[in-house]
Amino acid sequence: MANKTICLVASKLGLSEDDKVLNKAAEFQRLLQVKSTAGINLTDTSKVVICLDLAAGLLGADLDTKSAIKYSGLKPSAYANTKKVVENLLELNCDRLTTNMLCVTLQCNGVQDLAEKILQEYQRLSKMEVDLNLPQYVCMAVHQACRINKVKITKSKLLEKSRLKPAQFSKLDAEWTKFTDLHFAVKKKKGRQATNIVDNVEAEESMEVDVPKMNEHSQEKIESYEDWKKRMLETAYKELKDLEKVERNSVTPRKSPRKSVQKFSPYKSPSKANIKSNGVRLLFPIDL
């Protein structure tokens, strides 16, 4: 049975006289209370409005969407996204988005298998419970599969199918890019690299390399340390003796440190011609 809040909101939306819609909306409200709505910004009034909208759509009753958005207190885009989330939680989405449907829409059927593997691996390794029925996860799996296989798709269509805002889509894309590079793209690169290494090894083994043969006579005998030491000492002694002979022959006799006698020294003994007959020696001899 419908509570007072549902009856009040239904009267404003023109559904107060339809008991089937009221009862169905009350059922949806009870189911929604059991489900986890963490991360969904919903007030009690917006929950009631969305439950009435879903019940009216299911039973074919007329409902003014503009009035529903007005009384929910949400913006049109937020109302559409929240309604889709509640629909998924209540498992009412008969047109649930799948990888097959999305690949057909985007014309990229070749990446469907990889998208399924990415989606399952993300659900297995995720730390929190992930509902794969939500369209953003399906869109991300297909987007990453196309990125790995270098398949071009229309991003605007993908953004529309994901029902996310551009900022939310970019944030989720960065998270999924790290995940796929770690578990899918890197493995693929390693596999290619390993294949190339095996091919290179096989090619090197199949190549014939001409190695020139060493002549036995051209190989020098290895001299022992004692013989080498003796030969080097004899050579050094011989060079030292030759150097001593050269130095000995190049030495000139040293001159006496005595000074040579001056020619006209005043202390020289005068000659007999310079002495007068009277026996007086002149200091400055005069030639007569």
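1. Helix H8 covers residues 135-148, and its length is internally consistent: 14 residues at 1.5 Å each should span 20 Å, and the end C-alpha atoms lie 20 Å apart, which agrees. The model is a predicted one, and this agreement concerns the predicted coordinates.

2. The surroundings of H8 are mostly protein. Of its 14 residues, 13 are buried, so the helix is largely enclosed by the rest of the structure. Just after H8, Lys150 adopts a positive phi of about 55 degrees.

3. Thr99 belongs to helix H6, which runs over residues 99-106. Its relative accessibility is 2%, and Thr99 therefore counts as buried, the cut-off being under 20%.

4. The side chain of Thr99 makes a polar contact with the side chain of Glu116, at 2.2 Å. Leaving aside residues up to four places away in sequence, Thr99 touches Gln112, Ala115, Glu116, Leu119, Val138 and Val142. Glu116 thus appears both in the polar contact and in the list of touching residues.

5. On the fold as a whole, the protein chain has 11 helices and zero strands. Read from the N terminus, the order of elements is α-α-α-α-α-α-α-α-α-α-α. Among contacts between residues at least 6 apart in sequence, 68% join residues at least 24 apart.

6. Buried residues account for 27% of the 288 residues in the protein chain. The chain exposes about 22,600 Å², with carbon and sulfur atoms supplying 53% of that area.

Methods: Residues numbered from 1 in each chain as written. Predicted model: local features only at pLDDT ≥ 70, side-chain atom pairs only at ≥ 80, totals over all residues. Heavy atoms only, no water. Helix = DSSP H or I, 4+ residues; strand = E, 2+ residues; numbered from the N terminus. Buried < 20%, exposed > 50% of the residue type's maximum accessible area, 1.4 Å probe, protein only. Polar contact = N/O pair within 3.5 Å; in protein donor to acceptor, adjacent residues only side chain to side chain. Contact = heavy atoms within 4.5 Å. Expected span 1.5 Å × (residues − 1). Areas by Shrake-Rupley, 256 points an atom, 1.4 Å probe, with all protein chains shown as cover.
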